[in-house]
Amino acid sequence: MIRLLQEFLRFLRQEKKWWLVPLVVILLLLGLAILFSSSSAVAPFLYPFL
Amino acid sequence: MSTSPKPTTGERLRIGASLIPPFALLWLACRKGWIPLDPRGALVAMPVVLVFGFLLPAPFTPWHRWVEKAQSWIGRRLVFALLSLVWIVVVLPTGLVLRALGKRFLDPGRRDSYWEPARPPSSLRDGF
Amino acid sequence: MRRILGISAFYHDSAAALLVDGRIVAASQEERFSRRKNDARFPKRAIAACLAEAGIGVGDIDAVVFHEKPILKFSRTLETFLALAPHGMKAFARTLPSWLGEKLDVRKAVASGLPGLRPDVAHLFTGHHEAHAASAFLPSPFERAAILTVDGVGEWATTVIARGDGARIEPLEELRFPHSLGLLYSAFTAYCGFRVNSGEYKLMGLAPYGEPVFADRIREHVIELRPDGSFRLDLSCFDFLADDYLTNDRFHRLFGGPPRTPEASLDQRHMDLARSIQSVTEEALFGLVRRAHERTGERNLCLAGGVALNCVANGRLLREGPFERLWIQPAAGDAGGALGAALAAWHATTERGGAGAPRSAIQPDAMSSALLGPAWSDEEAAAALQVHQARFERLDDATLLERTATALDSGKVVGWVQGRMEFGPRALGNRSILGDPRSPAMQSVMNLKVKFRESFRPFAPVVLAERAHEYFDLDAASPYMLLVAQVAESQQRPVNPTATGLARLKQLRSTLPAVTHVDGSARIQTVTADSNPRLHALLSAFESRTGCPVLINTSFNVRGEPVVASPDDAYRCFINSGIDILVVGNLWMERSEQPHTSLPGTFEALPD
């Protein structure tokens, strides 16, 4: 996910699409959170909170 | 009985964990005083049932499946709400500002030709 | 980089293709194995089939090439939402979760879908239209050619003109999303009550029943065609956020009512709409092709992208267009992107991350007649059939051909499963249902009793290439059933011209009524002894018996089912449909002798 974010930022810099930066950063962090919460290692301990 | 394969360690852990939510609710209810019991009892019960489910997963498998379904139902709604929030906080203002600045992503406006120079081929190693 | 796996996935028609030292070893669509039509999931079964064909494992793959640039496509999606604000909140929240998963992080999706990949495997990405262009030009018989790719949308491009020379493909210019001929055709497909991404064929088949009465309205209000071949859609007619249709109320008012629901009856208006959009699409395609000719000055044209499956338009391009020769990728849709991606990586320069291989054109092309899927031996087939206690006989080649030709001549419908499965949407005689084209009743028998589909849909003829000119006005080879031409005048019969709509279906309009569409056209497949020796031999046997070198060839499946892959799929489909005879390799089965009258299907039926 971090590699993807880096690649995405490289793309945005190349294309000078600065307006996408906040959206992309937030979405990828959100994606990371979703991924983190559903990955098998922590999922059991998040049961009580969902 | 179905002859499902033996659950893996991770699955057993999750089956055990699926027994926790009722006790979490019980703990909450005791703390709020809705149920006249010591909340610490429910708190202690949580790791106990976790271990219990881990050691003896078979009878709790259907319950675990039901909890998993409920969890994914809640998860989907949570993601939907979060993304709606992202849309309100980021997409809407960015979109409106860009529009006010005259940026048109989709409509080139009326022109004699709509041909654009092709994107030069980029490195195959990049996802863009 | 010797073994290159190309993949297309996550939208519709996922597929895999495998190159070994530049040779196309295998290619298959996932739907054939998963038995879910237009399956878009990661093509793990198709990949397994490709690897098995080459006799290699996942660890032998040197590069995995995806047919799109996911970051570019995602950024286009985001920019579309920015442009649509203040609308689109719900669509945003509904669409994004799939992006945050496998669609964006393709490297991860590939790694988790293909356990056993070497850590040093190269993960590569071509552009969507780059993959289409590569699939159109690199396997073509031309050393140099103009390339035109037209589809719904990839990243931003919807239409690209390029020039191919040797191994090099140079993109010249493009039209961008949402201005797309593919999306326009799909919008009308959905509006007429057919499923987007698969019902486009039906709309094309419906067109000859109607008149182009809406064509002017489409040109005036929906698509603006420029003299230089470029075009722009009027976005006030479309709703890209809607769940079910791509069109909005303004569009519906323009064309006289709300969209047709799939169950509703087809009336003259729908036929007129089909004819109108077909006519505008052909006009737009001609503009694009003329532009490609002007920009490149080439004599040959290569086509790919979903719109290149519009064989009616292709036939016209060949007859009336500015190019001398035309080659169309048989898997022109997104499935072909898997093959294009692998080929692009093999020939791309090493600076770009490719293998930098040179290319010399192969005659008649490098596609091995599109027979790139798996094959089953007679022994394997027999084992699969014995599971069902099927009654079959094993015949030698001569007896098999003779018996099959006799059965076809007596009006029997034959399921014909031979050798390697086809790659691409058309069955080309290895997973086919065959019938007698001279029979006036055969079209309706095959539509209603065998394939359980709409009565208006035409069937395609397969003909011995050496005798094609006697039956059809076609002077080029059409090995992939991608060209429509008129039935030759000598074969046509006069009909009452006052009949309209579906009443025209019953008219006897040629000596080959079952494969002659209501406008006197046919979607032709020509077969040579080199391209498909087995099918050529069967056509020859039928010809020597009847004098007719033509058969009906339709895909071996029923409505909503992917084309059959294995002998097991074929047997189930045979039992559950109205097919009279099943031939698998040299095994001969008759319906009346089978112990079953029905068997559970293995496919997930989709409304089509």
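The following dialogue treats a predicted model, its chain A, the contact of chain C with chain A, and Val583(C).

Tutor: Residues are numbered from 1 along each chain as its sequence is written, while chains are lettered from A and ligands numbered from 1 in the order in which they are written. Local features need pLDDT of at least 70 and side-chain atom pairs count only at pLDDT 80 or more, whereas totals for chains, interfaces and linings use all residues.

Student: Why is Val583(C) called buried or exposed?

Tutor: A residue is buried if 20 or more other C-beta atoms, placed from the backbone, lie within 10 Å of its own, exposed if 12 or fewer, and partly exposed in between. Val583(C) has 24 other C-beta atoms within 10 Å, so Val583(C) is buried.

Student: Which residues is Val583(C) in contact with, leaving aside its neighbours within four places in sequence?

Tutor: Contact requires C-beta atoms, placed from the backbone, within 7 Å. Among the partners of Val583(C) are Leu400(C), Trp416(C) and Val414(C). Val414(C) lies 169 residues from Val583(C) in sequence, with 7.2 Å between their C-alpha atoms.

Student: What makes up the side of chain C that touches chain A?

Tutor: Seven residues of chain C contact twelve of chain A. H3(C) gives the largest share of that side of chain C, three residues. The side divides into five nonpolar, one polar and one charged residue.

Student: Which elements of chain A have the lowest and the highest mean pLDDT?

Tutor: On this confidence scale, from 0 to 100, helix H3 (residues 43–46) of chain A is lowest at 50 and helix H1 (residues 2–15) of chain A highest at 91. Chain A averages 76, and 66% of its residues score at least 70.

Key. Two residues are in contact if their C-beta atoms, placed from the backbone, lie within 7 Å. Helices (H or I, at least four residues) and strands (E, at least two) are DSSP runs, numbered from the N terminus. Ala, Val, Leu, Ile, Met, Phe, Trp, Tyr, Cys and Pro count as nonpolar, Asp, Glu, Lys and Arg as charged, and the others, Gly among them, as polar. pLDDT is the predictor's confidence in each residue, from 0 to 100.
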